[in-house]
Amino acid sequence: MKIQEKSQLKSKDQIIAILLYAAGMNFVSYEWVGSVCYFVFEDEAKCNEMIQMHLAGKLSLPSKTLLDAYRTIKDILRS
């Protein structure tokens, strides 16, 4: 039986990273390439679905969850 690995989404967009983190997507890691930080999330297809919902104005997140995600992503950028 073959186990299929889920692809990952890499984004340098802070807003997308904050939205995905707040939406509960699995945050795998981050990596710096020069002065640019890339945020890595598991399950590219699900991440893209969340991004499309956001762009369509259909993604609703609790404000506390969104602010906690904002702080987390900003802390990574300041590290």
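**Getting to know a small predicted fold**

Reader: Is Ser35 buried or exposed?
Author: Welcome, and note that this model is predicted. Exposed begins over 50% relative accessible area, and Ser35 has 66%. Since that value passes the cut-off, Ser35 counts as exposed.

Reader: Between which two strands does Ser35 lie?
Author: Good follow-up! One strand to look at covers residues 27-33, and Ser35 comes in the loop that follows that strand. The loop leads on to a strand covering residues 36-42. Ser35 therefore sits in the loop between β2 and β3.

Reader: Which residue in the turn of the hairpin has a positive phi?
Author: β2 and β3 make a hairpin, with two residues between them. In that turn, a positive phi of about 65° belongs to Gly34.

Reader: How many bridges join β2 to β3?
Author: The two strands run antiparallel. Among their facing residues, Tyr30 stands opposite Phe39, and Phe27 stands opposite Phe41. The number of bridges joining β2 to β3 is six.

Reader: Which residue of β3 does Leu9 stand opposite?
Author: Leu9 belongs to β1, residues 8-11. β1 runs antiparallel to β3, with four bridges joining them. Lys10, also in β1, stands opposite Val40. For Leu9, the facing residue in β3 is Phe41.

Reader: Which residues of β1 point to one face and are buried?
Author: Here a general pattern helps: in a regular strand, side chains alternate between the two faces of the sheet. Along β1, Gln8 and Lys10 point to one face and are not buried. The other face takes the buried pair, Leu9 and Ser11.

Reader: Why does the count of disulfides come to zero?
Author: A disulfide is a covalent bond between the sulfur atoms of two cysteines. The rule asks for two cysteine sulfur atoms within 2.5 Å. For Cys37, the closest cysteine sulfur is in Cys47, too far for a bond. The distance between them is 15 Å.

Reader: What is the relative accessible area of Cys47?
Author: Buried means under 20% relative accessible area. Cys37 falls below that cut-off at 4%. Cys47 is buried too, with a value of 0%.

Reader: In what order do the elements run from the N terminus on?
Author: There are three helices and three strands to place in the protein. The chain opens with a strand, followed by a helix. Two strands come next, and two helices close the order: β-α-β-β-α-α.

Reader: How many Å separate the C-alpha atoms of Ser35 and Leu77?
Author: Along the chain, these residues are 42 residues apart. In the protein, among contacts with a separation of 6 or more, 66% join residues 24 or more positions apart. Between the C-alpha atoms of Ser35 and Leu77, the separation is 9.9 Å.

Reader: How far apart do the centres of the positive and negative side chains lie?
Author: The protein carries 10 positive side chains and 9 negative ones. Each set has its own centre, and the two centres lie apart by 4 Å.

Reader: What part of the exposed area do carbon and sulfur atoms supply?
Author: Of the 79 residues, 25% are buried. The protein exposes about 5,600 Å². Of that area, carbon and sulfur atoms supply 52%.

Terms used: Residues are numbered from 1 along each chain as its sequence is written. This is a predicted model: local features need pLDDT of at least 70, side-chain atom pairs count only at pLDDT 80 or more; totals for chains, interfaces and linings use all residues. Side-chain values use heavy atoms; hydrogens and water are left out. Buried means under 20% relative accessible area, exposed over 50%, partly exposed in between (1.4 Å probe, protein chains only). Contact means heavy atoms within 4.5 Å. Accessible areas come from the Shrake-Rupley method with a 1.4 Å probe; for residues, only the protein chains shown count as cover. Lys and Arg count as positive and Asp and Glu as negative; His and the chain ends are not counted. The place of a charge is taken as NZ of Lys, CZ of Arg, CG of Asp or CD of Glu. Two strands pair if DSSP finds at least two bridges between them.
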